[in-house]
Amino acid sequence: MATEPNEPKGRYRQYLEVVTGPLEDKKRWRRYKARTRALPENYRTAVEALERYLMHFGPADGAGAMVMYEDLADLFEQGAADGTPIRDIFGDDPVEFVEAFMANYPLGQYRTRERNRYTEAIARAAGEEDRRL
């Protein structure tokens, strides 16, 4: 049932992806989870906590979110390989760390969209239609 990237999808797969989302995103998610399960316990615990936070406040779109999670796995795999202490990765304020991390992935974040919509509405109200912030 696997198709090559340029090969058209079968009708069944098209319907399935309408209901479940792109199968490639699901495969990427499973690869990410396998990578994080392979981390040492303390790194895995930190990644799971960060993942929970990101599920609530991070990007909501599949592709943008997957890039972020894959980068997260890269960061913690490298930290584990180098023996970097968890506190050296997160710093003194874990919330500050995660907010800075998420700022690198604004695509798909509802907060970013709403901030932009709000800023544009205020600019229009002030008579500054051409101004983009």
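This briefing covers the fold, the nonpolar core, one buried glutamate and one helix. The model is predicted. The protein has seven helices and zero strands. Buried residues make up 28% of its 133 residues.

**Overall build**

- Along the sequence, the pattern reads α-α-α-α-α-α-α.
- Take the contacts between residues at least 6 apart in sequence: 60% of them join residues at least 24 apart.
- The accessible surface of the protein is about 9200 Å². Carbon and sulfur atoms account for 54% of that surface.

**The largest nonpolar core**

- This core holds 21 residues.
- Leu50, Leu54, Leu72 and Phe76 have the most contacts inside it.
- Four elements give two or more residues each to this core: α3, α4 (62-82), α5 (86-90) and α6 (94-103).
- The top contributor is α4, with seven residues.
- Leu54 shows what such a core residue touches. Beyond its neighbours within four places in sequence, Leu54 is in contact with Met68, Tyr69 and Leu72. Leu54 also contacts Val98, Phe101 and Met102.

**Glu51, a buried residue of α3**

- Glu51 sits in helix α3, which spans residues 41-57.
- The relative accessible area of Glu51 is 9%. The cut-off for buried is under 20%, so Glu51 counts as buried.
- Setting aside residues up to four places away in sequence, Glu51 touches Trp29, Tyr32, Lys33 and Tyr69.
- Tyr69 is a partner of Glu51, and Tyr69 is also among the contacts of Leu54.

**Helix α6, one face in and one face out**

- Phe97, Val98, Phe101 and Met102 are buried in α6.
- Seen down the axis of α6, these buried residues fall within an arc of 125°, so they line one face of the helix.
- The spacing fits a general rule. An α-helix has 3.6 residues a turn, so residues three or four places apart point the same way.
- Three of the buried residues in α6, namely Val98, Phe101 and Met102, are in contact with Leu54.
- Glu96 and Ala103 are exposed, on the face of α6 turned away from the buried side.
- The N-terminal end of α6 is capped by Asp93. A side-chain oxygen of Asp93 lies 3.1 Å from the backbone nitrogen of Val95.

Key
Residues numbered from 1 in each chain as written. Predicted model: local features only at pLDDT ≥ 70, side-chain atom pairs only at ≥ 80, totals over all residues. Heavy atoms only, no water. Buried < 20%, exposed > 50% of the residue type's maximum accessible area, 1.4 Å probe, protein only. Contact = heavy atoms within 4.5 Å. Areas by Shrake-Rupley, 256 points an atom, 1.4 Å probe, with all protein chains shown as cover. Core = buried A, V, L, I, M, F, W, Y, C linked by side-chain atoms within 4.5 Å. Arc of directions from axis to C-beta. Polar contact = N/O pair within 3.5 Å; in protein donor to acceptor, adjacent residues only side chain to side chain.
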